[in-house]
4 protein chains.
Amino acid sequence: MSRMREMDDKKAKRELILDAAVRVFSRRGYHEARMEEIALEAGIGKGTIYEYFDSKLTLFQEVLGRSRDIYYNSLAIENENSLSLREKIRLVFLSHIRFCQENKELTRVVFWDTEIMDEELKAWSYEKRKEKERMLSEVIEKAMEAGEIRGINPYALTLVITGALGALWLPIVLEEWSGDAESLAGELTDIIFEGIKG
Amino acid sequence: MSRMREMDDKKAKRELILDAAVRVFSRRGYHEARMEEIALEAGIGKGTIYEYFDSKLTLFQEVLGRSRDIYYNSLAIENENSLSLREKIRLVFLSHIRFCQENKELTRVVFWDTEIMDEELKAWSYEKRKEKERMLSEVIEKAMEAGEIRGINPYALTLVITGALGALWLPIVLEEWSGDAESLAGELTDIIFEGIKG
Amino acid sequence: MSRMREMDDKKAKRELILDAAVRVFSRRGYHEARMEEIALEAGIGKGTIYEYFDSKLTLFQEVLGRSRDIYYNSLAIENENSLSLREKIRLVFLSHIRFCQENKELTRVVFWDTEIMDEELKAWSYEKRKEKERMLSEVIEKAMEAGEIRGINPYALTLVITGALGALWLPIVLEEWSGDAESLAGELTDIIFEGIKG
Amino acid sequence: MSRMREMDDKKAKRELILDAAVRVFSRRGYHEARMEEIALEAGIGKGTIYEYFDSKLTLFQEVLGRSRDIYYNSLAIENENSLSLREKIRLVFLSHIRFCQENKELTRVVFWDTEIMDEELKAWSYEKRKEKERMLSEVIEKAMEAGEIRGINPYALTLVITGALGALWLPIVLEEWSGDAESLAGELTDIIFEGIKG
DNA sequence: TATGAATGAGAATTCATTCAT
DNA sequence: TATGAATGAATTCTCATTCAT
């Protein structure tokens, strides 16, 4: 077998394991997930996982890291500098909803506030959250300077937006809500921009 | 010892255990919490816990249930029928923030999206959440009928409000945010009612 | 139960485990010994061992340490300062042979040059051996100064004595040799003092 | 490739593996040695070892057997019938010391009293030791008959000699002792022949 | 023939739960 | 009733060995 092909195989099996791990971590959570179940799900032997990952924690960290990266990439608003804040927020809601609808398992892994909290992971998680907040604050302050939005406490707005996102994955994953993404994104944005006052 | 006194003692020891359990579950999470640590924290023997609770899961369920009850009671808006929706929402934010500030351990137990989704607990959790949403929807619809707020999707507003609440406990518990409860509650309500449009 | 009695029980169970461990380590060696077998041998459950010892290594270290202490104490020549070197050496041989005859299992643990060689244990082992050599050298040099023995290389004599000891446990434990302790001790001493020249 | 050449290759690879195995068993001991490390050390694939040896145990047995053969051959006193016992013993000490100095790895394998006493290996080990003792006894008895040495217990002398040998490899391998082989061999022989009496 | 990816039996260890006191 | 010593099921991880290529 060519070296190229070998590496593809190696990579492919890694992916196979990661995919299985996402599913198992997603339905069981970290502590209830069994390495044996992941192996079974991947259709491989228990020991094989350890050829690709050092430990259960390592595997989980990679699953979590990748899931979050995929999620954050799916939001992709940084490059859309030409858009108005209103449009940006609408887009964030829209892509969030679509991501949750299309990736129920990844979603569960990303948003399931896991206990594991290995110190390293905790720090990483914290940093990621802070970064997201910083980014949002920045965008908000610019829009405020530009007069697009009135003078408000940016932190309060951050809470409203990230809060709505955080509230919006479980109903989707549990299939309680399966409405139209465009509409809901629009309605949320509308509330935030226009207020609800009668 | 009188039967009355005995029962008081019995009750008191139950409380003792529950208090210790809140602290331990709060700082460790369900899976990392050790029955021995709870017993130690309560100043009793490990075996004694089993005189009062069937299992670790049972104990956790009661801790979680009670914590949520205390939290929901602290919100206490049902009886305040005379208030406007605006005032009600402001009050919910205010009491939420105060509760989190004053009961960091309970808060962590209530909001820590635990993995241990034992089927029964999951169902109970689900029901509790639904009930909260129904209540909110009802209040919103009434306000809409009364013309206090304009015609919007009540579900979207529910998401915005519960989302903001869900986003607002971690910064408090982690002591990242320790600002003025009144101000933040006001600002959040203001955003929701007036919108942010410039 | 009185606190006194409790501690006795606790101590007694520790001893029970240590005894069982000596037997198992003695017949299997460190790596082939199974914690389960030790538990079985002690007539207790697997988990109980861990109530008294942190790990297999810890248990082994204590078994080894105690066995060696018992052995070295059985040699007990330090306090016999009045004796001549010849008598001391004869006594060392004699007590060594008797110890091996009477404590076959301890003997195997003490002399089985185990692989384990955890760094800490290695250092400890090394130190113990050095100490023994130093002690011997000292005694030898004194006897040389006193003219009891002629001028020889003390290190060479140390090798001859410790060597004979080291060669003399296996035949005893394997029951190849079961002769008279007094005679053999005398003969060995005789060879060392008088030489074998015709 | 000619059949002859093939067999040479086959033999060469066997040797390659055995050499690597000596080094690894020497520095790790049997249980801590990893087949993978041996393969790596030999510069071949893990699976290849199994083309030449049935199992780890088999490989170790061959390593041990060969190492011992090399050691015993290095002593080579059988053919030296013309020599006096004194000279023979001196020669044994001398060649032992030199062997240990020059073959630290082999030495460790030969003398490291391994735990892995697989029954077959144990029996073989036992037989080898007995044979050595028989040979020594024979030589001793002849010398006694010839009047070269006085009437002593041959077993006791065997213990003294093999004991000194057994005590003399570790200090060399650990590089604690790195003196002159000739001198030490002479001194040991001197003690055994002349005794130490003042 | 050589390989190394895959395997799974097996070992140490943990900890909720039991139960004799 | 309260206790904590004892327990063993369950879990992670290792590594000799196999076998498809």
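In this predicted model, the buried residues of helix H5 of chain C (buried meaning under 20% relative accessible area, exposed over 50% and partly exposed in between, with a 1.4 Å probe and protein chains only) are C:Leu85, C:Lys88, C:Ile89, C:Val92, C:Phe93, C:Leu94, C:Ser95, C:His96, C:Ile97, C:Phe99 and C:Cys100. Helices (H or I, at least four residues) and strands (E, at least two) are taken as DSSP runs and numbered from the N terminus. H5 of chain C covers residues 85-102, and its 18 residues should span 26 Å at 1.5 Å a residue; the expected span is 1.5 Å times one less than the number of residues. The end C-alpha atoms turn out to be 25 Å apart, which agrees. As general background, an α-helix has 3.6 residues a turn, so residues three or four places apart point the same way.

Some bookkeeping on how things are labelled: residues are numbered from 1 along each chain as its sequence is written, while chains are lettered from A and ligands numbered from 1 in the order in which they are written. Local features need pLDDT of at least 70, side-chain atom pairs count only at pLDDT 80 or more, and totals for chains, interfaces and linings use all residues, with side-chain values based on heavy atoms and with hydrogens and water left out.

Helix H5 of chain A, residues 85-102, holds A:Ser95. With a relative accessibility of 15%, A:Ser95 counts as buried. Leaving aside residues up to four places away in sequence, A:Ser95 touches A:Ser74 and A:Leu75, where contact means heavy atoms within 4.5 Å. A:Ala42 sits in helix H2 of chain A, residues 35-42, and at 11% relative accessibility counts as buried too. Its contacts, again not counting residues up to four places away in sequence, are A:Leu16, A:Ile17 and A:Ala20. A:Ala42 and A:Asp19 are 23 residues apart along the chain, with 7.7 Å between their C-alpha atoms. Over in chain B, B:Asn103 falls in the loop between helix H5 (85-102) and helix H6 (104-111). B:Asn103 is partly exposed, at a relative accessible area of 25%. From B:Asn103 to B:Ser67 is 36 residues in sequence and 9.8 Å in space, C-alpha to C-alpha.

Now for how the chains are arranged. Chain B goes onto chain A with an RMSD of 0.4 Å after a rotation of 178° and 0.1 Å of shift along its axis. The two copies are thus related as by a two-fold rotation axis. Copies are superposed by least squares on the C-alpha atoms of residues with pLDDT of at least 70 in both. Of the interface residues of chain B, 100% are also interface residues in chain A, so the copies meet through the same surface. For chain D on chain C, a turn of 178° and a shift of 0.1 Å along the axis give an RMSD of 0.4 Å. Here, too, the same surface serves both copies, with 100% of the contact residues of chain D recurring in chain C. Chains B and C do not touch, and their nearest C-alpha atoms are 14 Å apart. Chains A and D do not touch either, with their nearest C-alpha atoms 14 Å apart.

Turning to the DNA, strand E is surrounded by 30 residues, the closest being A:Lys13, A:Gly45, A:Thr48, A:Tyr52 and D:Thr48; a residue is near a strand if one of its heavy atoms lies within 4 Å of it. Sugar or phosphate supplies 68% of the strand E atoms within 4 Å of the protein, and bases supply the rest. The surface near strand E divides into 10 nonpolar, eight polar and 12 charged residues. In this scheme Ala, Val, Leu, Ile, Met, Phe, Trp, Tyr, Cys and Pro are nonpolar, Asp, Glu, Lys and Arg are charged, and the others, Gly among them, are polar. The largest share of that surface, five residues, comes from H3 of chain A. A polar side-chain atom of A:Lys46 lies 3.0 Å from a base oxygen of strand E, whereas a backbone N or O atom of B:Lys56 is 2.8 Å from a phosphate oxygen of strand E.

Around DNA strand F there are 31 residues, the closest being B:Thr48, C:Lys13, C:Gly45, C:Thr48 and C:Tyr52. Of the strand F atoms that come within 4 Å of the protein, sugar and phosphate account for 69%. A side-chain N or O atom of C:Lys46 lies 3.3 Å from a base nitrogen of strand F, and one of C:Thr48 lies 2.4 Å from a phosphate oxygen of strand F.

Key. Polar contact = N/O pair within 3.5 Å; in protein donor to acceptor, adjacent residues only side chain to side chain.
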